[in-house]
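Trainee: I'd like a close look at one part of this model, the buried strand in its core. Take me through that strand, then follow the structure outward from there.

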Amino acid sequence: MSVSASPSATGSEVAERLLVARGIRRSFGGLVAVNVEVFEVFEHEIVALIGPNGAGKTTFFNVLTGFERADAGEWSFAGASLTGKSAYRIARAGMVRTFQIPKALARMTVLDNMKLAATHQSGERVAVALVRPLWNAQDREVEARALDLLDWIGLADKRGDYAGTLSGGQRKLLELGRALMTEPRLVMLDEPTAGVNPSLTDQLLERIRGLRDRGLTVLFVEHDMDVVTSISDRVVCMAEGVVIAAGTPREVVTNDSVIDAYLGRSHGEHA
Ligand SMILES: Nc1ncnc2c1ncn2[C@@H]1O[C@H](COP(=O)(O)OP(=O)(O)OP(=O)(O)O)[C@@H](O)[C@H]1O
Ligand SMILES: [Mg+2]
């Protein structure tokens, strides 16, 4: 099969390329951590990025989102070049990744965590802050959106609790909520279900599917193959920095290179 990280054409649907990356390279000393020739994400799909430990998945995420410099390569989002842009500019363009709740925010309420995630929008135009009634209107809008999203992710009754008191799974949901406050088009999640108990994992997966229904696009790194096959439209597998296979979940899990590099013959040897 082809190793181009693009979906096969499905019926008459013509998917729009949202993220296009070419020739992305990143080395650490003598180690080539990422060497991706072609990587594409189409609008409204859920794409899983899999591969063994050290394959370069997180580094690739970091490069795409501006948290790590690329040694070479070009990438664009919704038709606009993001090559060499700052993490801030990339997030503003609509490509947003989730982050662990930092220590300082653990001592703030869940609702304030959500509102703070949107503050860069009002903080940008200082003039708005000087016009009190307008600012209040915007503040109310942000709060309404935060409450809406908290309801949607199932944390509405936790809105007054300190973020630090949430369970691991609830924190993951809050991290997703915070990312959504920025109104992204593409949400990037690095191991969203790691350390989450099974019942909350189901809730989290339901919400990730729901993002696609809301018109968003999702790119996530995941080791749990049950999770990968249950929610992905397409799977891309990396090994030693390179994309070794891409296709439907079924195509990728039965691909010989993927089995050799990652899954093992029993599909249980990775962890
Ligand atoms: N800042 C760094 N300095 C030096 N080497 C690094 C750095 N970041 C990553 N690496 C190396 O680059 C390679 C790719 O690491 P990366 O974390 O991207 O892999 P990964 O696919 O996310 O792995 P995992 O599944 O374990 O999270 C590894 O060999 C790693 O040790
Ligand atoms: Mg990683």
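Mentor: Start with strand E8, residues 217-221. The model is predicted, so read every value as computed. In E8, 5 of the 5 residues are buried, so the strand is largely enclosed by the rest of the structure. The cut-off matters here: a residue counts as buried under 20% relative accessible area. Look at the two faces of the strand. Thr 217, Leu 219 and Val 221 point one way from E8. Val 218 and Phe 220 point the other way. Both sets are buried, so the enclosure of E8 shows on either face.

Now the neighbours of E8. Strand E7, residues 186-190, runs parallel to E8, and 5 bridges join the two. Asp 190 of that pairing has Val 221 as its bridge partner in E8. Strand E3, residues 46-50, also runs parallel to E8, with 4 bridges between them. There, Ala 48 has Phe 220 as its bridge partner in E8. One more element belongs in this picture. Helix H9, residues 198-213, combines with E7 and E8 into a right-handed β-α-β unit.

Step across to E3. This strand is mostly covered too, with 5 of its 5 residues buried. Ile 46, Ala 48 and Ile 50 point one way. Val 47 and Leu 49 point the other way, and these are buried as well. So Ala 48, the partner of Phe 220, is itself buried. E3 also pairs with strand E9, residues 234-239. That pairing is parallel, over 4 bridges. Ile 50 stands opposite Cys 237 in E9.

Move along the chain from E3 to helix H1, residues 57-64. H1 is mostly covered, with 7 of its 8 residues buried. The buried residues are Lys 57, Thr 59, Phe 60, Phe 61, Asn 62, Val 63 and Leu 64. An α-helix has 3.6 residues a turn, so residues three or four places apart point the same way. After H1 comes Gly 66, with a positive phi near 85°. Thr 65 lies in the loop between H1 and E4. At 2% relative accessibility, Thr 65 counts as buried. Its C-alpha atom is 7.2 Å from that of Met 95, although the two residues are 30 apart along the chain.

H1 also leads to ligand 1. The shell around ligand 1 takes 3 residues from H1, the most that any element gives. Strand E2 (31-42) also supplies at least two. In all, 13 residues surround the ligand; Gly 54, Lys 57, Thr 58, Thr 59 and His 223 come nearest. By class, the shell has 5 nonpolar, 6 polar and 2 charged residues. Three contacts are worth inspecting for any docking setup. An oxygen atom of ligand 1 is 2.7 Å from a side-chain N or O atom of Lys 57. The side chain of His 223 has an N or O atom 2.8 Å from a ligand oxygen. At Gly 56, a polar backbone atom is 3.0 Å from an oxygen atom of the ligand. The protein covers 59% of the 640 Å² of accessible area that ligand 1 has on its own. Note that Lys 57 plays both parts: it is buried in H1, and its side chain contacts the ligand.

E2 takes us to a separate sheet. Here 4 strands form an open sheet in the order E2-E1-E4-E5, with antiparallel pairing. E2 and strand E5 (80-81) are the edge strands, and each pairs on one side only. Strand E4, residues 72-77, pairs with E5 in the antiparallel sense over 2 bridges. Phe 77 stands opposite Ala 80 in E5.

Finish with another covered helix. In H4, residues 110-117, 6 of the 8 residues are buried, so the helix is largely enclosed by the rest of the structure. Those residues are Val 110, Leu 111, Asn 113, Met 114, Lys 115 and Ala 117.

Notes: Residues numbered from 1 in each chain as written. Chains lettered and ligands numbered in written order. Predicted model: local features only at pLDDT ≥ 70, side-chain atom pairs only at ≥ 80, totals over all residues. Heavy atoms only, no water. Near = heavy atom within 4 Å. Polar contact = N/O pair within 3.5 Å; in protein donor to acceptor, adjacent residues only side chain to side chain. Areas by Shrake-Rupley, 256 points an atom, 1.4 Å probe, with all protein chains shown as cover. Nonpolar A, V, L, I, M, F, W, Y, C, P; charged D, E, K, R; others polar. Buried < 20%, exposed > 50% of the residue type's maximum accessible area, 1.4 Å probe, protein only. Pairing = 2+ DSSP bridges. Right-handed = clockwise from strand over helix to strand, strands pointing away.
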